[in-house]
Amino acid sequence: MAPDAQRPEPSPSQQRRDRERAEARATILAAARDLARTEGWDAVSMRRLADRIGYSANFAYRYFKGRDDILLAFVRDGFARLADAMSAAGGSLEAATAAYLDFALDEPDLYQVMYGLGGVRVPAAATEDEGAGVGAVIAGILGVTDPYDDRIARLWATAHGLAALHAIGKLPVDRAHLHKLLSASVADLTRDTSNPRGATS
């Protein structure tokens with residue numbers, strides 16, 4: 001295969017087809033998210049999406065294999081955006097985890113499908129690597145190379161736990177209170193960094 005620098009420029013017709021494909025996918029995804037916001041993710045189906053955008057039932061299948069493929073697109077986009085938000089937050093664990101919580105609060109429907117909350121079903125085998133970017137951000141701030149360092153899981157679980165409890169109505173407090181709880185928890189978790197693997201003496 002030729003190096004990228006030697007690849008020929010796509011023809012105008014290919015560029016147009018690529019643009020039309022991207023626009024069609026974006027239209028389908030926008031319709032899916034709008035439907036999920038109003039009726040829940042269970043309402044998202046290929047037929048419902050076709051009806052919503054005014055095309056035949058087969059239209060969506062030209063761009064997605066099925067409903068699971070659409071949900072997977074949201075999962076991938078969501079985790080990429082979440083990792084970017086955490087990376088841009090300022091470089092501290094408190095800032096990164098605060099950005100995590102803000103994302104969950106600002107994008108509740110997207111966060112729901114990313115983590116399979118509320119009965120949303122996304123094939124687990126297809127999403128194993130999707131959260132790697134989030135773990136990598138935490139690992140980078142901690143300065144560790146082991147992706148299974150226990151501190152990563154503890155920090156991630158704490159931020160997610162607060163977000164999920166709030167999402168299902170088990171922690172009915174305002175945003176400021178959630179951030180206060182998260183900040184205190186992160187401080188507690190990072191106070192003792194001498195035992196990263198959770199070993200006991």
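What follows is a walk through the fold, the core and one helix of this predicted model.

Starting with the overall layout, the chain turns out to be purely helical as far as its elements go: eight helices and zero strands. Read from the N terminus, the order is simply α-α-α-α-α-α-α-α. The C-alpha trace spans about 65 × 50 × 30 Å along its principal axes. Of the 201 residues, 35% count as buried. Among contacts with a separation of 6 or more, 62% are made by residues 24 or more positions apart.

As for the surface, about 11700 Å² is exposed by the chain, and carbon and sulfur atoms supply 51% of that area. The charge tally comes to 24 positive and 27 negative side chains, with the centres of the two sets 5 Å apart.

Moving inside, the largest nonpolar core has 56 residues. Ile-28, Trp-41, Leu-49, Ile-70, Leu-82, Met-86 and Val-113 are the ones with the most contacts within this core. Two or more residues each come from H1 (12-39), H2 (46-53), H3 (67-87), H4 (93-106), H5 (108-115), H6 (132-142), H7 (150-167) and H8 (175-191). The largest share, nine residues, is put in by H3.

Met-86 gives a good look at how this core is wired. Leaving aside residues up to four places away in sequence, Met-86 touches Ala-96, Ala-99 and Tyr-100, and its list of partners also takes in Val-134, Val-137 and Ile-138. Going by the helix ranges, Met-86 sits in H3, the first three partners fall in H4 and the other three in H6.

H2 is worth a separate look. Its buried residues are Met-46, Leu-49, Ala-50 and Ile-53. Viewed down the helix axis, these residues fall within an arc of 100 degrees, so they line one face of H2. The spacing fits the usual helical geometry: an α-helix has 3.6 residues a turn, so residues three or four places apart point the same way. On the side turned away from the buried face, H2 carries the exposed residues Arg-47 and Asp-51. The buried residues, for their part, pack against H1 and H3. One of them, Leu-49, is also listed among the residues with the most contacts inside the nonpolar core. Just after the helix comes Gly-54, with a positive phi near 80 degrees.

Technical notes: Residues are numbered from 1 along each chain as its sequence is written. This is a predicted model: local features need pLDDT of at least 70, side-chain atom pairs count only at pLDDT 80 or more; totals for chains, interfaces and linings use all residues. Side-chain values use heavy atoms; hydrogens and water are left out. A nonpolar core is a set of buried Ala, Val, Leu, Ile, Met, Phe, Trp, Tyr and Cys residues joined through side-chain atoms within 4.5 Å. Buried means under 20% relative accessible area, exposed over 50%, partly exposed in between (1.4 Å probe, protein chains only). Helices (H or I, at least four residues) and strands (E, at least two) are DSSP runs, numbered from the N terminus. Contact means heavy atoms within 4.5 Å. Accessible areas come from the Shrake-Rupley method with a 1.4 Å probe; for residues, only the protein chains shown count as cover. Lys and Arg count as positive and Asp and Glu as negative; His and the chain ends are not counted. The place of a charge is taken as NZ of Lys, CZ of Arg, CG of Asp or CD of Glu. The arc is that of the directions from the helix axis to the C-beta atoms.
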